Amino acid sequence: LDMSKLRNTSLTDYSLTIDGLYAHTWYDIRIRVRVPNADREELWSNYTDFQFQTRPKIPDRPPRVDIGSFYVNSHNDIVLYWEQLPLEEQNGNNSHYVVSEVRNEHNATIDCSPSEISLIKAKFQNVPPGDLTFTIKSANSQGQSRNGSEIHVPARGKRFPPPQDLKKYSIDSKYKLKWAPPATRQDELVSYTVFWCESKTNYPSECDGPMSFRTVSSSQHEYELNNTKGFNIALSANSRDSSSGLIWSMCTASKSDEIGKLNPVWVSKMDATYMEIQWRLECMDTPIVVGYTLTYCPITAPKNLTCKPGTEIVKNITGTTQYNITGLTPYTTYKTTIAMFSKTRTGVPSDPLVNTTLEAAPTPPRNIILRKVTNTSVTITWDPPERMNGFLKNYIVWCNSSNFQVFDGIKENKTLEYKIEKLQTYSYYDIVVVACTISCSNKSETINVRTEMGVPDQVTTIAKVRYDDYTLFSWDPPRHVGGHLDYYEVSVKVTETGNRTINRTILHNGTKCWINRVCEKNWVEIELLLSAVNIKESPHERRIAGSAEREVLNASDGPRALSFHNDDLPSAIRSYPSCYYESYEHYQLLKWRNADEHSVILKSTSIPLFNNNCGLSTSSPLLYIFIIFIGLIGMVTAVLFLYKKCKTMSDIKVVLPDALNDINKDSKCPKEMIDGGVLRNVQIHRGEMRVQQDEQERSLLRNHMESSSSSTTSSTANVDNQSQCESHDGPPEEMMDSIEHQEDEQTSIESHDIPTQDVTFDVLQPEKLEDIQPQIEPQTHQVALCPGVNQYVHFARPSQGYTQLAALKVPIKTPMATETDETGISGYVTRKQLADFGQRM
């Protein structure tokens, strides 16, 4: 013991701390003592011993794993492997292992629990694809280890390629594993990991005991185990950040050169041109078989399995248990055999397989020839394919994007003919033919053909633009021209007086022409029809191809000038030919057309371009003038009627008595404001008035009129002293209300209602006072707003008993007067005021 750790706690008691013990482990402690400097065994005392068990705790570490400690099958089931903790490190009862966490490629935790877990592995079924990282911890009754071991399982496409050709031999109670490097990415290879476990069965991945593994260098290609027990061995190839996972050695072979007959062999896939052969190698033959010899050939007849002469093919195959035979002929029967061979000998061939390849597309039809071409059809012929490769069902003739199936004559191995109809005139077509069995062949050689010239389509779009008396016509070419579209033809039909008809044809090279809408003399109707024209030349035509003769004709071939001057036309249409008159362009086209006497003119259906009924056109101005004349007469009549009505209304005039005309005399008010002592343009309309005249009031009025001459002089003097005359819209509202109130008080008795009517007043004659009679008051009140020298407002009501009291030289003030002078009262008063004034006199 290290005596430095020994502590003397008392004279008789000692204590010693022992470190490095395993948890949950039984220990036997024995102690003896000797005196100092005792060097003989007999000087030692006897042992004192006792036993104890350390306390349990959680495991100190997780299980040990490797970068390749996983296996993934074809169903994406993942099996994780780890090395079990030794007994002394389990630190408690119920030692087990848990997968505490599963993270995906985004480092997110996913819910994934193992379907099976043991002391050396955990199995997960139907795991979603992608990179996964598993964390494994050791555990016991006290809990889980603090740390965990991680196993990263890359996605299938990211895994490192596996090692090749694993072979396990059992030789003299030893196991030896041999392998070859991965087929690709060998420059990234870092190491191999060899895994092994005890197994009591022949199933390669079954383990009944602890899993162990060891990492070896990338240059090593075999590993030997000295053990008499049965082992299953696996191997993984590792790079720095990825691994292939476990690849189990499937069979264990003895060291022998005996080789037998391969069985079974079968065809797994077949098509028209290839055949896939598979076989299974017995486990005992796997370590010694080096390769296989494959032989195949087409047979002579269904009941004769001998190969056709010169058709047998032999292939040597290594490293696989399947092979694709390619380049076969469709719809052909083949015989196939396969044999194993080792380094020293070749085995017996397998039983022959006889299979017929599937049907396929035939070879393309041959010798396609163009026989006849019209403007709407094409006739072709062709020969059958060189190889049918099956049962011929039909041919398909393709003409641009359209296709036509041909069934007639396909059973006879002879030349076939077909007519393609309903084609467009003067159009290009690409024609090919394919033959069809279970599928169709490649296209034959292509024939390019153009149908002959035909009648163009009808012109459909016409636009019209007016310029004064002229109209410019423009149109679009036909949708399908069916040829060169050599020119447009305008057919002119003019009907003259007497039912005489003039017909002419104008040729145009462009798509615009104009016409004067004003008819000529004696024209009754003019009609223009438009059509497009193709010229089909004959073999006799005298034009030289490519000479462009239409553009090089001499000016003398036709008149350049028309029957009118271009300066007479609107500038917008001067550059275009006339629709009605022959132009220089017309004569050029006419000469070009007539150069081939045997040419065929193909003209489209005509459409109306212009139609004018000249009789209706001539009478139109007279009709317009007549309508305008009637309208003017109506307008004049309406104006005269309105004028007369207004004139009648403006002639209504009110004539005042002389006694009330004092304001107008010598007045300084503007004449346009005062007319007869009344401001004409100011009127107050009132309702119905009642008048009562008694004898006393009439007597006072006579006395006043007799003295009117003297009072007029005083009144005139007042008017002359006015400094200014202003015009107002009417009398003050207070005065109007006072007058109306007083009048209502005087009207006490009335025998009957007097209807309202317009009344005119004659000028009163003072020398005939007996003629003065009460009159009906009109509805219209007229106001003169021209104040006198006292600035009183004079309110005049003609022939209603009102009078001017300025002539009465009596010093009496009336209720209406707001101010008096030396003569007494000033202004206009009611009858009652006048009566009261007379009584006081």
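This briefing covers backbone features, strand pairing, a surface patch and aromatic pairs. The structure is a predicted model. A search of the whole structure finds 17 aromatic pairs. One open sheet has three strands, in the order E36-E37-E40. One peptide bond, from Asn263 to Pro264, is cis.

**Backbone features**

- The cis bond from Asn263 to Pro264 has an omega near 5 degrees.
- Pro264 sits in the loop between strand E20 (252-253) and strand E21 (265-270).
- Asn126 has a phi near 50 degrees, which is positive in a residue other than glycine.
- The place of Asn126 is the loop between strand E9 (121-124) and strand E10 (132-140).
- Asn126 has 63% relative accessibility, so it counts as exposed; the cut-off for exposed is over 50%.
- Asn499 is not a glycine either, yet its phi is positive, at about 60 degrees.
- The loop that holds Asn499 runs between strand E38 (487-496) and strand E39 (500-508).
- Asn499 is exposed because its relative accessible area is 66%.

**The three-strand sheet**

- The sheet E36-E37-E40 is open, and its pairing is antiparallel.
- Strand E36 (462-467) and strand E40 (512-516) stand at the edges. Each has a single partner strand, so one side of each lacks a neighbour in the sheet.
- From one strand to the next, the twist averages 25 degrees.
- Strand E37 (residues 470-475) pairs with E40 over five bridges, in the antiparallel sense.
- Tyr470 has Asn516 in E40 as its bridge partner.

**The E21-E22 hairpin**

- E21 and strand E22 (residues 275-279) run antiparallel and are joined by five bridges.
- A hairpin of four residues connects E21 to E22.
- Val267 finds its bridge partner in E22, at Ile277.

**Surface patch**

- A nonpolar patch on the surface is formed by Phe626, Ile627, Phe629, Ile630 and Ile633.
- Together these residues have about 500 Å² of accessible area.
- Ile630 belongs to helix H2 (residues 614-650).
- Ile630 counts as partly exposed because its relative accessibility is 43%. That value falls between the cut-offs of 20% for buried and 50% for exposed.

**Aromatic pairs**

- The search finds 17 aromatic pairs, in the whole structure. Among them, the rings of Phe195 and Phe213 have centres 5.6 Å apart. Their planes stand at 45 degrees, so the pair is tilted.
- This pair links distant parts of the chain, 18 residues apart. Phe195 lies in strand E15 (residues 191-198) and Phe213 in strand E16 (residues 211-217).
- Phe195 and Phe213 are buried.
- The ring centres of Tyr470 and Trp514 also lie 5.6 Å apart. Their planes are at 80 degrees, so this pair is edge-to-face; the cut-off for that class is over 60.
- Tyr470 is in strand E37 and Trp514 is in strand E40, so the pair ties together parts that are 44 residues apart in sequence.
- Tyr470 is buried because its relative accessible area is 13%. Trp514 is buried too, with a relative accessible area of 3%.
- Ring pairs also link Tyr27, Phe50 and Phe52 into a cluster.

Key:
Residues are numbered from 1 along each chain as its sequence is written. This is a predicted model: local features need pLDDT of at least 70, side-chain atom pairs count only at pLDDT 80 or more; totals for chains, interfaces and linings use all residues. Side-chain values use heavy atoms; hydrogens and water are left out. Helices (H or I, at least four residues) and strands (E, at least two) are DSSP runs, numbered from the N terminus. Buried means under 20% relative accessible area, exposed over 50%, partly exposed in between (1.4 Å probe, protein chains only). Two strands pair if DSSP finds at least two bridges between them. Axes are lines fitted to C-alpha atoms, for helices over the stretch in contact, and angles run from 0 to 180 degrees between N-to-C directions. Patches are made of residues with over 30% relative accessible area and no salt bridge: like charges are joined within 9 Å, nonpolar side chains (Val, Leu, Ile, Met, Phe, Trp, Tyr) within 5 Å. Accessible areas come from the Shrake-Rupley method with a 1.4 Å probe; for residues, only the protein chains shown count as cover. A salt bridge is a side-chain nitrogen of Lys or Arg within 4 Å of a carboxyl oxygen of Asp or Glu. Rings of Phe, Tyr and Trp (its six-membered ring) pair if their centres lie within 6.5 Å; planes under 30 degrees apart count as stacked, over 60 as edge-to-face and the rest as tilted.
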